[in-house]
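Colleague: I am new to reading protein models. Could you take me through a few features, one at a time?

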Amino acid sequence: RAAPSDAAQRSRVAPGWRAIVCYERCHRPEEAPVRAAIVRTVAGLGGGLASFKKAVKFEYAAPRMNLENYALITDGREARPCVQALTQACLVPPTLMVVLSE
């Protein structure tokens, strides 16, 4: 089966969505290939991107963000604190949650 075209992939994603990246090493030089892949994928699907090193920073920013249609990309260390922050703030859960592992 052939891979869907870029246009077909974009049509499946609701407009106005964003990816929230929350993991401690997201801005380190050795993580540049991972970050670049995330940025390319999100941009290719017409989404926005916000990144945080720690869940506490995400917790502070989340109530001020329009989090209706978003994907949460995190690592094992920050996954639980991110979910707890969303629960405590009574925010909408992510449409998709990706936990990165080594």
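The turns below go from a cavity to a surface patch and then to a buried residue.

Modeller: Keep in mind that this is a predicted model.

Colleague: How many cavities of 30 Å³ or more does the structure hold?

Modeller: A cavity is a space where a probe fits but cannot get out. The structure holds one cavity of 30 Å³ or more, and its volume is about 30 Å³.

Colleague: Which residues line the largest cavity?

Modeller: The lining is made up of Val 21, Tyr 23, Cys 26, Arg 35, Ile 38, Val 39 and Leu 49. Helix 2, residues 32–44, gives the largest share of this lining, with three residues. Sorted by class, the lining has six nonpolar residues, one charged and no polar.

Colleague: Now the surface. Which residues make the nonpolar surface patch of about 220 Å²?

Modeller: Val 83, Met 97 and Val 99 make that patch. Val 99 belongs to strand 4, residues 96–100.

Colleague: Why is Val 99 called partly exposed?

Modeller: The label depends on relative accessible area: under 20% is buried, over 50% is exposed, and partly exposed is in between. Val 99 has 45%, so Val 99 is partly exposed.

Colleague: Is Leu 86 buried or exposed?

Modeller: Leu 86 counts as buried because its relative accessibility is 4%, and buried means under 20%. Leu 86 sits in helix 4, residues 76–88.

Colleague: How far apart are Leu 86 and Phe 58 in sequence and in space?

Modeller: In sequence, Leu 86 and Phe 58 are 28 residues apart. In space, C-alpha to C-alpha, Leu 86 and Phe 58 are 9.2 Å apart.

Notes:
Residues numbered from 1 in each chain as written. Predicted model: local features only at pLDDT ≥ 70, side-chain atom pairs only at ≥ 80, totals over all residues. Heavy atoms only, no water. 1 Å grid on protein atoms, 1.4 Å probe; cavity = no way out; pocket = protein on both sides within 12 Å on 5 of 7 lines; lining within 4 Å. Points joined across faces, edges and corners; volume = space filled by probe spheres on them. Helix = DSSP H or I, 4+ residues; strand = E, 2+ residues; numbered from the N terminus. Nonpolar A, V, L, I, M, F, W, Y, C, P; charged D, E, K, R; others polar. Patch = residues over 30% accessible without salt bridge, like charges linked within 9 Å, V, L, I, M, F, W, Y side chains within 5 Å. Areas by Shrake-Rupley, 256 points an atom, 1.4 Å probe, with all protein chains shown as cover. Salt bridge = Lys/Arg side-chain N within 4 Å of Asp/Glu carboxyl O. Buried < 20%, exposed > 50% of the residue type's maximum accessible area, 1.4 Å probe, protein only.
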